[in-house]
Amino acid sequence: MLEENEASILLTAHHGDDLAETVLMKLARGGQLTSLIGISEQRQFGTAQVIRPLLQFSKDQIRAFADTNHLRWFEDETNDSLAIERNRIRHKVVPLLKRENSQFLRHVFDYSRQIETATASLNELIAAEAERLVKGDPKQLVVDLHALNQHSIEVKLSILKYLMFSRLKITDISLHQIDQVLQLIDNVDKPQAVIELANDWRVIKSYQQLIITKKSLNPLTNNKNDHRFMVVLDRWYSVDRNYQFGVFSTRPRRSLVKITELDLLAADLPLIARPPKPGDRLVLKGGGSQKVSRILINAKVPNRIRKQTLVLETAQQQLLAVLGVKRVSITGSATDTKKLYLAEYSQINLPKGKGI
């Protein structure tokens, strides 16, 4: 109709009784507070606008106006069927409430507008703060938990609801599930955890980050990376888009590179990069050793990154580094050693810990 008439506004005759019935149905079903707005007086409809100018009038008032002005109307034949939820509320519930208070419809309209105004104001304020705490795209958001936790529980809940409902347009998520996410955020005994949501969505807590994402973007598999390879000297290797390493016979001049000196014997070569194994230990410079698993925990390396972690070891199976996390400088005075340089170029963004 809009296209045929080249119109930009569509007027509908929804009235106060329609609004009251809608609010009561939603109140009975349960849901978000915003659902109690019921029917908005106006909203965007494609490139046009829907405007409902009769919401402040009752059905009886409109009937009386039509009778006085000899206007003809059509009655839907299903309006009296009590098999329909709206009709049960229309014929059984609304008349009782009108008898209790003749201003019932006006009060529903006023409450609905107050909720709409309060919600719009809150969303405007919450949106600005929420956007300050996140980075990401329409399919995935990363929330700074340290900054989020500066707020009260009520504000945190409002921010989470804004991010899930308004920012990511996630449907079929209950208030109970949002409460579960909030409890996970506040649970210091669970630095890492996952909550599965409907429609392929999941929430991942990873130390001081909360990731709201699609499963397809973050497959949490239990398969370990079993790729191992020989490290050829004087070349760079990319572990992922954020991390590169190489072992060089001369000190690299590349800026922003972490350099670790290694005095190695000929028998130590070739060097091997491989995934960690249970029981792997890194010998520390001051004596003693530390389990690789403990190094990753101390460095607060998220589980999704641990699955990509590699260690560097000699041909004699001595660990030299947990790549991207911790390494040990090996120096010696023996004449038959060769000085090599482990160079790491990394943008890995790990929380503060004993690692990188």
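This dialogue discusses selected helices, strands and residues of a predicted model.

Trainee: Where should one begin with helix H1, and how many of its residues are buried?

Mentor: A general point helps before the details. An α-helix has 3.6 residues a turn, so residues three or four places apart point the same way. In this structure, H1 comprises 14 residues and spans 20 Å between its first and last C-alpha, close to the 20 Å expected at 1.5 Å a residue. Of these 14 residues, 10 are buried, so H1 is largely enclosed by the rest of the structure. The buried positions are Gly-16, Asp-17, Asp-18, Leu-19, Ala-20, Glu-21, Thr-22, Val-23, Leu-24 and Met-25.

Trainee: What covers the buried residues of H1, and which residue follows the helix?

Mentor: The cover includes helix H2 (59-68), H3 and H4. After H1 comes Gly-30, which has a positive phi, near 85°.

Trainee: How is the relation between two packed helices to be read, taking H1 and H3?

Mentor: Two packed helices are described by the angle between their axes and the distance between the axes. The axes of H1 and H3 come within 10 Å, and their crossing angle is roughly 105°. H1 is therefore roughly perpendicular to H3. On the H1 side, the residues involved are Asp-17, Asp-18, Glu-21, Thr-22, Leu-24, Met-25 and Arg-29. They meet Glu-85, Arg-86, Ile-89, Arg-90, Val-93, Val-94, Leu-97 and Lys-98 of H3.

Trainee: Where in H3 does the kink lie, and which residues of that helix are buried?

Mentor: H3 covers residues 85-100, 16 in number, and reaches 22 Å from first to last C-alpha, close to the 22 Å expected at 1.5 Å a residue. The kink, of about 35°, is located at Val-93, shortly before the proline Pro-95. Buried in H3 are Asn-87, Ile-89, Arg-90 and Val-94. Their cover includes helix H1 (16-29) and helix H4 (104-133).

Trainee: Turning to sheets, in what order do the strands that include S10 lie, and which stand at the edges?

Mentor: Strands of a sheet pair through backbone hydrogen bonds, either parallel or antiparallel. Here, 4 strands form an open sheet in the order S10-S11-S19-S12, with antiparallel pairing. Strand S10 (237-240) and strand S12 (258-264) each have a single partner strand, so one side of each is left without a neighbour in the sheet. On average, neighbouring strands of this sheet are turned by 20° against each other, direction ignored. S10 and strand S11 (residues 243-248) run antiparallel and are joined by 3 bridges. Within this pair, Ser-238 stands opposite Gln-244 in S11.

Trainee: In the sheet containing S1, is the pairing mixed or uniform?

Mentor: The pairing is mixed, in an open sheet of 3 strands ordered S1-S3-S2. The edge strands, strand S1 (9-11) and strand S2 (42-45), each pair on one side only. Neighbouring strands of this sheet are turned by 25° against each other on average, direction ignored. S1 pairs with strand S3 (residues 48-51) in the parallel sense over 3 bridges. Ile-9 stands opposite Gln-49 in S3.

Trainee: What is to be noted about the two faces of strand S13?

Mentor: Both faces of S13 (residues 271-274) are covered. Leu-271 and Ala-273 are buried on one side, and Ile-272 and Arg-274 are buried on the other. S13 is joined to strand S9 (residues 229-231) by 3 bridges, and the two run antiparallel. Val-231 stands opposite Leu-271 in S13. A further 3 bridges link S13 to strand S16 (residues 311-313), again antiparallel. There, Ala-273 stands opposite Leu-312 in S16.

Trainee: How is a single loop residue such as Asp-280 to be read: is it buried or exposed?

Mentor: Asp-280 lies in the loop between S13 and strand S14 (281-283). Its relative accessible area is 10%, under the 20% cut-off, and Asp-280 is therefore buried. Beyond its neighbours within four places in sequence, Asp-280 is in contact with Arg-274, Gln-290, Lys-291, Val-292, Val-311 and Leu-319.

Trainee: Which residues does Gln-177 touch, and where is Gln-177 placed?

Mentor: Gln-177 is in helix H7 (residues 175-186). With a relative accessible area of 18%, Gln-177 is buried. Not counting residues up to four places away in sequence, Gln-177 touches Asp-172, Glu-196 and Leu-197.

Note on methods: Residues numbered from 1 in each chain as written. Predicted model: local features only at pLDDT ≥ 70, side-chain atom pairs only at ≥ 80, totals over all residues. Heavy atoms only, no water. Expected span 1.5 Å × (residues − 1). Bend = angle between axes of the 7 residues up to and from the residue. Buried < 20%, exposed > 50% of the residue type's maximum accessible area, 1.4 Å probe, protein only. Contact = heavy atoms within 4.5 Å. Pairing = 2+ DSSP bridges. Axes fitted to C-alpha atoms, helices over the stretch in contact; angles between N-to-C directions. Parallel < 35°, antiparallel > 145°, perpendicular 65-115°, else oblique.
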